[in-house]
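Student: I would like to go through this model slowly, with one part of it in close view. Please begin with the chain as a whole and then move to the part I ask about.

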Amino acid sequence: MMLEKGRKMKNFLIIVLMVVIVIVTGCGVYYQIDRFNKKDETKEVKPKTEEKVEELDVDSEEVTKIMRNMNLVNDISKILAGDYEVGYFYLKDSYKETEIDNAIKLIIALNNTDLSQLSTENDEITLNADEVKTTIKKIFGPNFTYTDVERLEGCNLITFDSQNNNYNIKKLKCNKNDTSTYKTKIMHAKKYNDRIEIEEKAIYINSQLLDDGNTVYNIYKQNKKDMIAEGVKLNIDSKEEYEKYFENTDTYKYIFKIEDGNYYFESVEKIN
């Protein structure tokens, strides 16, 4: 009987020992797994690099040059074709580089070219098409899209000579109303790590000659459709007189990507 009791006690101790071994082993495995997971979590959580943002002076040469080179309304006197392209970027709520008409890219390139230095014959200016593409590349970037425009007629007649790979530009009589104009105001300009964002407002001012010989002006949003004020007397050269209308027009944001120290147009969109 004592022998039987001893055997039972031995079996009991063996079972207890096995249970202890299982518990200890399980705890050890759980500890290792938990430590491994925490180690992985530590590896995966990386501090985010804070994007650098610099507020730019809206009147600085850096900002004004970018907009002057790109936006057709910033120097209307240089427009080489007709009225249809003036205010082009305000005709839709947004444009990306690939959505811009080839004719507009051509006009922008010509507006950024010193045509007075080119050869003239019979009141025509000849410009090599490869030079046009080089200028477009400087504005829209190395991956720009463009197809040569065969003919463009407005204040000038622009034709493409595919045989000689040239653009021929001939000045025409232009009935353009010089008193109809855009006025713009750069509201904000910010420089990020990879881009510059410029917010701009604009109004379109159209003159109206009255029967008594006086001139009044109709003021529109930049799309030339939504009227802000009708028949107002205005000195269109006075900022104090026309700037108050900016609060009733829309804001457009231009984005220029930064690559190798160059600024390339990426998109424009109406933001409010």
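Student: Among contacts in the protein chain between residues at least 6 apart in sequence, what percentage join residues at least 24 apart? With that as background, please look closely at helix 3: which of its residues are buried, and what do they pack against?

Tutor: This is a predicted model, and everything below should be read in that light. Among contacts between residues at least 6 apart in sequence, 55% join residues at least 24 apart. The chain that makes these contacts has five helices and 13 strands; 38% of its 272 residues are buried, and of the roughly 17400 Å² that the chain exposes, carbon and sulfur atoms supply 49%.

Turning to helix 3, which spans residues 102-111, nine of its ten residues are buried, so the helix is largely enclosed by the rest of the structure. The buried ones are A103, I104, K105, L106, I107, I108, A109, L110 and N111, a list in which a lysine and an asparagine appear beside the nonpolar side chains. These buried residues pack against two helices, helix 2 and helix 4, and against strand 4 (124-128), strand 5 (151-153), strand 6 and strand 7 (166-171).

The surroundings can be followed one neighbour at a time, beginning with helix 2 (residues 61-70), where V63, I66, M67 and M70 are buried. These four cover an arc of only 90° around the axis, which puts them on the same side of helix 2. The general background is that an α-helix has 3.6 residues a turn, so residues three or four places apart point the same way. The buried residues of helix 2 pack against helix 3 and helix 4, and also against strand 8 (181-191), strand 9 (195-209), strand 12 (251-259) and strand 13.

On the strand side, I158 in strand 6 (residues 156-161) offers a useful local view. Its relative accessible area is 1%, and it is therefore buried. Leaving out residues up to four places away in sequence, I158 touches L106 and L110 of helix 3, together with E150, R151, L152, Y167, N168 and I169. The C-alpha atoms of I158 and N168, which are ten residues apart along the chain, are separated by 5.7 Å. Between strand 6 and strand 7 runs a loop that holds N165, a residue with a positive phi of about 60° although it is not a glycine. As a general matter, most residues other than glycine have a negative phi. N165 has a relative accessible area of 23%, and so it counts as partly exposed.

Helix 3 can also be placed within the nonpolar interior. The largest nonpolar core has 49 residues, and those with the most contacts inside it are M70, F89, I100, L106, Y167, I198 and Y254. The largest share of this core, seven residues, comes from helix 3. A second, separate core of eleven residues includes L234, Y242, Y245 and F246. Within the larger picture, F89 touches I104 and I108 of helix 3, and, again leaving out residues up to four places away in sequence, its contacts also include M70, Y95, I100, Y254 and V268.

The aromatic side chains give another route to the same helix. The charged end of K105 sits over the ring of F140, 5.3 Å from its centre. There are 14 aromatic pairs in the model, and one of them joins F140 to F265 in an edge-to-face arrangement, 5.8 Å centre to centre with 80° between the planes. Since F140 lies in helix 4 (residues 129-140) and F265 in strand 13 (residues 262-270), this pair ties together parts that are 125 residues apart in sequence. Both F140 and F265 are buried. The rings of Y254 and F256, by contrast in geometry, have centres 6.3 Å apart and planes at 10°, so that pair is stacked. Y254, at 0% relative accessibility, counts as buried, and F256 is buried with a relative accessible area of 3%. Y88, F89, Y95, F140, Y254, F256 and F265 form one aromatic cluster, and F140 within it is the ring over which K105 of helix 3 sits.

Note on methods. Residues are numbered from 1 along each chain as its sequence is written. This is a predicted model: local features need pLDDT of at least 70, side-chain atom pairs count only at pLDDT 80 or more; totals for chains, interfaces and linings use all residues. Side-chain values use heavy atoms; hydrogens and water are left out. Rings of Phe, Tyr and Trp (its six-membered ring) pair if their centres lie within 6.5 Å; planes under 30 degrees apart count as stacked, over 60 as edge-to-face and the rest as tilted. Buried means under 20% relative accessible area, exposed over 50%, partly exposed in between (1.4 Å probe, protein chains only). A charge sits over a ring if NZ of Lys or CZ of Arg is within 6 Å of the ring centre and within 35 degrees of the ring normal. Contact means heavy atoms within 4.5 Å. The arc is that of the directions from the helix axis to the C-beta atoms. A nonpolar core is a set of buried Ala, Val, Leu, Ile, Met, Phe, Trp, Tyr and Cys residues joined through side-chain atoms within 4.5 Å. Accessible areas come from the Shrake-Rupley method with a 1.4 Å probe; for residues, only the protein chains shown count as cover.
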